[in-house]
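Please open the structure in your viewer and keep the sequence panel beside it. The tour below proceeds stop by stop, stating what to select and what is found there.

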Amino acid sequence: MNNRVKIITLWIVFLLGLNCYINFAYAQSTELTGKNIALKVHNRPDGDERKSIMQMTLINRRGKTRKRSILSLSKDYGEDKKSIMFFQSPANVKGTGFLQYEYENPSKEDNKWLYLPALKKVRRIIGSSKNDYFMGTDFTYDDMGKRAVDEDNHKLLREEEIDSLKCWVVESIPKDKGYMYSKTIKWIRQDALIPIKVEFYDKQGVLLKILTMQDIRKQEGIWTAFKMEMDNIQEKHKTILEIKEINYNIGLKDNLFRVSTLERGRIK
Amino acid sequence: MQNTKLAISNLVLLLPVVLLGIDFEPQGFVDTYHAVRLKDPYDFLSSRTRLRFEMWMIGENASLFASMNAINNNVITSNSGIELREAYMDYVSEKWDLRVGRQIIIWGKADGLAITDIISPKDYTEFLARDFDDIRLPVDAMRWRFLFDKANFEFLWLHVFRPIVLPQPGTPWAFKYELPENTKILFDNPIEPELTVENGEIGGKLSFYLSSFDFAISSFYTWDDYPSLHRTVSNIGDTTLVHYHPEHHRFTLIGTEFSVPLKNFVLRGEVAFYKNKYFEPENLLSEILFKNDVLNGMIGLDWTPGSDWMITTQFSDNLIFDYNQAIKDDEHTMLATLHISKKLFRQTLTLSTIGYFEINGKDCFIRSSMDYAITDELHLLSGFDLFFGDKGMLGQYGDNDEIWAKAKYSF
């Protein structure tokens, strides 16, 4: 009898311990940390395929504007992504195209090809000039892509409301000390999982740029920011990126994302 | 009447656009380019204005592209006029595409060096004092490509031969000949292949676009764009007459090319084997030409350090097999190129220098330029071209150092 009580007692203790462990592990995985929020934003549903027309307006300190219009198509392949884009304007770069294969694995370099219509030639370009500004805008190539979560250390600073919208404020510090930003601070809208404001700090820790996302609404059930404004505080220059048209999951064929498509210089 | 006909023909052309929902995209540019010699008599070496009109009509699986030039050239007046530059149709299906018509076809990874890039002939009317895209000439061809996920196979058929365009005598860029005393030369028009099916040029290229590198192998059964300078030598009194009978000959190219991205660099290379190329004798008075095989190779490195800098360097070597000392060309002809460019002020100003260095002849050509975008549409460009050395392909233009200005409006 005593033995039976001992076995039952041990079994109860074991079950209680297991329950505590499961609860602890679950709490660990769902605890609201900077990294968990960054992962939520990174994994936010954004469709498996996208086709959009973007307009970028560059405004200098004297108020002079320049405009670029881009047709962009992209498709997810698991964690990886293929995209192709063609400039529709201005006239001097019309037909210029980029093809890009982006890999989630940070140790695998992205593959990129550039088509220049004047030379009628595709050339392989490198995948690591992410810190360069895209076509004279205030967005770097890295700003326009999806940065891997593990490239930064993330810290939840606080919760805050902007325009009555609940936000998490997350600070991200790059692990690579040579990166062009020393840190970024993001105000992430909790319902849409989209940063509605991002501050970029330069290598000296001085505020360099502020990105604000506007006109955030659901398109085909997917939260989409239709207007982004990147304000370079130091250079008094800004770029407004507007999405004029976007469609998700429209059955883009795999053969669109090939060098042969890029070489044609056009897609309909 | 003429206007009515034009309007009706325009309407007929535009009907499919309206009825079938085809996108119609006119575009083009106007540019004006003027260059002045940097020494006495300070004459214009180039002075030309051009309207380029381009048009796309894009349907679901088919498209059409046409481009025309209207040129006024004040220095080489024979270049003035209206020309159809390109006009081709594309059909695209899931597994293959077809392009037929007058088109520019580019092979290879080299910039400004023709190793496997011999499909579209070159126009050296103004030698290298033109943009790369103006130097290539379109060809009448059919390009049929079979498309795979990471590879293409393309088949080419050129049914009309188009030769290289060399600088004409009497123009600032004419080749200079050093003739022995009491020697005269006379050129016949080059003998070109007749327009027959048998005289067509055919080629094939298998290209791979892989995660770590691009790679291709190619072959082209072609006519040499350069005419071989066959000659007869005769004596008339005290004068020796060298009478050239230029003729184009067949040869075969087998080539390979690659491009490998490596961190901030892209390593590029190309090798071509030419079977049965003709070579001139060193002795002007010799009537015997040589027929040899050639290996032509190039290795290049593109460096993109960031901040809108771009540095490109290339080295090429042209090796003649079974070399005979009586051949005019050297056994090895080595050439190096260097291109440095930097974009400033939000990419509105581009500074660029490109240099060609002939290692054999110790001569070189340097072109420096500045391109400022007043607006996205209107660019002002200016620069200078300098030639160093006494002889050789580049050094022969030692008197043609020039300063130039250009304006270009794109629409």
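How many residues lie between E11(B) and E12(B) in the hairpin that they form? The hairpin has two residues between its strands, and one residue in the turn, Gly237(B), has a positive phi of about 65 degrees. Before examining this place further, please note that the model is predicted.

**Stop 1: the hairpin of E11(B) and E12(B)**

Select residues 228-236 of chain B, which make up strand E11, together with residues 239-247, which make up strand E12. These strands pair in the antiparallel sense, over nine bridges. To see one of the pairings, select Asn235(B), whose bridge partner in E12(B) is Thr240(B).

Next, select His230(B), which has its place in strand E11 of chain B. Is this residue buried, exposed or partly exposed? His230(B) counts as partly exposed because 18 other C-beta atoms lie within 10 Å, whereas a buried residue needs 20 or more. Leaving out residues up to four places away in sequence, His230(B) touches His245(B), Pro246(B), Glu247(B) and Leu289(B). Of these, His245(B), Pro246(B) and Glu247(B) fall in the range of strand E12, residues 239-247. Now add Glu287(B) to the selection: 57 residues separate Glu287(B) from His230(B) along the chain, yet their C-alpha atoms are 6.9 Å apart.

**Stop 2: strands E2, E3 and E4 of chain B**

Select residues 44-58 of chain B for strand E2 and residues 62-73 for strand E3. The two strands run antiparallel and are joined by eleven bridges. Their connection is a hairpin of three residues. Within this pair, Met57(B) has Leu64(B) in E3(B) as its bridge partner.

Extend the selection to residues 81-92 of chain B, strand E4. E3(B) and strand E4 also run antiparallel, here with ten bridges between them. Strand E3 of chain B therefore pairs with E2(B) as well as with E4(B), by the rule that at least two bridges make a pair. For a point of orientation, find Ile71(B), which stands opposite Gly81(B) in E4(B).

**Stop 3: Gly355(B)**

Move to residues 349-358 of chain B, strand E18, and select Gly355(B) within them. Which residues are in contact with Gly355(B), leaving aside its neighbours within four places in sequence? They are Thr337(B), Leu338(B), Cys364(B), Phe365(B) and Ile366(B). Phe365(B) is ten residues away from Gly355(B) along the chain, and the C-alpha atoms of the two are separated by 5.6 Å. Gly355(B) counts as partly exposed because it has 18 C-beta neighbours inside 10 Å.

**Stop 4: chain B as a whole**

Now display the whole of chain B, which contains three helices and 21 strands. Along the principal axes, its C-alpha atoms fill a box of roughly 75 × 60 × 50 Å. The radius of gyration of chain B is 23 Å, which agrees with the value near 22 Å for a compact globule of 411 residues. Buried residues account for 26% of the chain. Among contacts between residues at least 6 apart in sequence, 54% join residues at least 24 apart. The average pLDDT of chain B is 92, and 95% of the residues score at least 70.

**Stop 5: chain A and its helix H2**

Turn to chain A, which has four helices and 13 strands. Its C-alpha trace spans about 90 × 40 × 35 Å along the principal axes. The radius of gyration is 23 Å, while a compact globule of 268 residues would have one near 18 Å. In chain A, 24% of the residues count as buried.

Select residues 34-42 of chain A, helix H2, and highlight the buried residues Gly34(A), Ile37(A), Ala38(A) and Val41(A). Viewed down the axis of H2(A), the buried residues fall within an arc of 100 degrees, so they line one face of the helix. A general rule is useful here: an α-helix has 3.6 residues a turn, so residues three or four places apart point the same way. The buried residues of H2(A) pack against strands E7 (152-162), E8 (165-174), E9 (183-189) and E10 (194-201) of chain A.

**Stop 6: where the chains meet**

Finally, display both chains. The contact takes 28 residues from chain A and 36 residues from chain B. On the side of chain A that touches chain B, strand E6 (121-125) and helix H4 (259-264) each supply at least two residues. The residues of this side comprise eight nonpolar, nine polar and eleven charged. The model scores ipTM 0.88 and pTM 0.86.

Key: Residues numbered from 1 in each chain as written. Chains lettered and ligands numbered in written order. Predicted model: local features only at pLDDT ≥ 70, side-chain atom pairs only at ≥ 80, totals over all residues. Contact = placed C-beta atoms within 7 Å. Nonpolar A, V, L, I, M, F, W, Y, C, P; charged D, E, K, R; others polar. Rg over C-alpha atoms; globule rule 2.2 N^0.38 Å. Buried ≥ 20, exposed ≤ 12 C-beta atoms within 10 Å, placed from the backbone. pLDDT = per-residue confidence, 0-100. Arc of directions from axis to C-beta.
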